[in-house]
Amino acid sequence: MNTLNQSFQRLRHALQDENIFRSFQSDPIALSAKYGVELTPEFAKKLKLGLQNINTLEHAQLLGKSGFRMECGPEQPDDGTGRGGGYALPGIGMPIVD
Amino acid sequence: MLRSLILFFLGVSDMIKPTHFAIHVTYACPLVCAHCCFSSTPENTDSLHIDHIIETINALDSSIKMVGFTGGEPFLLGKKLNDIVRAASNKGFTTRVITSAYFGKHDFIVKKKLMDLYHSGLNELTISWDEYHKKFIPFEYIYSVFWTAKQLGFTVSINMVKEKNSVWTKEKLGRELGLRDNYDEIIESNLNLNGRAEIELHDAIPIESVGKLTPCSYVLAGPTLSAKNKLLACCGVIPETSALILDHDFKSENLNQRLQEASNNPLLNWLHQYGPYDILQWISLHYNVDIPKNINGNCEACRVLFHTPDIACHIQNAINDRGLEVMNEVNILNILDWL
């Protein structure tokens, strides 16, 4: 587990370089493999979609999770709640106003 | 950044962190609603001790933004509810109380209870009300509690559960409350057949059938301390599910260790990132198991996943096969700040 965590830390550090980020953008599987991280083709495809029109790691981070969920996340069908399938909890976690 | 560096040198990943924490202070409730997922009743004796609640609040990490007090009916705690809200508020957390507004008959009682909470630092009040609650709580009660809370400056919302033939809808309730333009303060969701609903409402027709469900944004991000003193990975709508229990006999000093262990759990990460239906589909595809066509929400999907023996028996194999991929994906998304 530690080795894998270190792989991700090295990848995180490397992606701060714009050239490496561009390589990741065009081929996430190959770039990640250099750091010992295996990605599935399905995930890499979604990632490439999400990374379109993004220039740097910082730019991606500024987008927040909406970048992934909106561009390449799992399908978001209408489940009747408009809020993604959750039960109307007795409160917690549910944003008061979306 | 500093936290990430420290965790890096400790060899610990820092991924999906809790942002909300719910405390089910009691499962006692004056009502016996047909759809109650916790099967609360006036006779239920499951409750947390006040000192234990305050110790737990004091152990919460600064990643938590909101602490919610729910149940059961938290107002049954009386003045102790003010004490626990104050403890959370003093630690800088946004605070929320969820109630059925059962105390809404007399305006002076409503004002007194809500003023006390206002002075204790309460920020948000959520009222649970719909056709199932209406059998016990007249509309006039929630009208009084809703508008008094608004006048005090609380952020107020109403959670409604709906089925296909429900007369009370978001629009009807919004109009009756006298809300204008939009009804964003009213949150509607589909009936899930969990808890008492599984027995009493099995003939109910949900709003619509759902072919595919979504990630569960509550698991890992919104853990819960149940009134049975179990630390849960999510909201606890299906509380007796061992895979979702992080600690069966919770002690506040173990809180952060348990949450850290949970954040490295592939199953919980899979639920958070892709949802229970994705796991059901994966099991169906790889082990040729049939899954139900009509599932009305993530909690119902979790119940099917964990409580159907022919499906649950494949979960560990699914984790063995797909767990590392999920953790890799979550780690990549963490690097991008896309979790």
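Here is a short tour of chain B, from its overall build down to a few single residues.

**Overall build**

Keep in mind that this is a predicted model. Chain B comes with 14 helices and 9 strands. How big is the box that the C-alpha atoms of chain B fill? Taken along the principal axes, that box is roughly 60 × 50 × 40 Å. With 339 residues, a compact globule would be expected to have a radius of gyration near 20 Å, and chain B agrees, since its own value is 20 Å. The table collects some values for the chain.

| Feature of chain B | Value |
|---|---|
| Radius of gyration | 20 Å |
| Separation of the centres of domain 1 and domain 2 | 30 Å |
| Box along the principal axes | roughly 60 × 50 × 40 Å |

As for how the chain is packed, buried residues account for 49% of the 339 in chain B. If you take contacts between residues at least 6 apart in sequence, 71% of them link residues at least 24 apart.

**The sheet**

Now for the strands. In chain B, 9 strands make an open sheet with mixed pairing, and their order is β6-β5-β4-β3-β2-β1-β7-β8-β9. Why do β6 (186-190) and β9 (245-247) of chain B each have one side without a neighbour in the sheet? Both stand at the edges with a single partner strand, so there is nothing in the sheet on the other side.

Take a look at the β6 edge. Strand β5 of chain B, residues 155-162, runs parallel to β6(B), and 5 bridges join the two. Within this stretch, M160(B) sits opposite E188(B) of β6(B).

**Two domains**

Chain B splits into domain 1 (18-208) and domain 2 (266-335). Their centres, taken over C-alpha atoms, are 30 Å apart. Where they meet, 6 residues of domain 1 of chain B are in contact with 5 residues of domain 2 of chain B. On the domain 1 side of chain B, the residues touching domain 2 are 3 nonpolar and 3 polar, with no charged ones.

**The nonpolar core**

Which residues have the most contacts inside the largest nonpolar core? They are I142(B) and A233(B), in a core of 110 residues. Helix α14 of chain B, residues 315-335, gives the most to this core, namely 7 residues. Domain 1 (18-208) and domain 2 (266-335) of chain B each supply at least three residues to this core.

A233(B) is worth a closer look. Leaving out residues up to four places away in sequence, A233(B) touches V219(B), L220(B), P223(B), L244(B), L246(B), A262(B) and L268(B).

Notes
Residues are numbered from 1 along each chain as its sequence is written. Chains are lettered from A and ligands numbered from 1 in the order in which they are written. This is a predicted model: local features need pLDDT of at least 70, side-chain atom pairs count only at pLDDT 80 or more; totals for chains, interfaces and linings use all residues. Two strands pair if DSSP finds at least two bridges between them. Helices (H or I, at least four residues) and strands (E, at least two) are DSSP runs, numbered from the N terminus. The radius of gyration is taken over C-alpha atoms; the globule rule is 2.2 Å times the number of residues to the power 0.38. A residue is buried if 20 or more other C-beta atoms lie within 10 Å of its own, exposed if 12 or fewer, and partly exposed in between; C-beta atoms are placed from the backbone. Two residues are in contact if their C-beta atoms, placed from the backbone, lie within 7 Å. Domain bounds come from an automatic or database domain assignment. Ala, Val, Leu, Ile, Met, Phe, Trp, Tyr, Cys and Pro count as nonpolar, Asp, Glu, Lys and Arg as charged, and the others, Gly among them, as polar. A nonpolar core is a set of buried Ala, Val, Leu, Ile, Met, Phe, Trp, Tyr and Cys residues joined through C-beta atoms within 7 Å.
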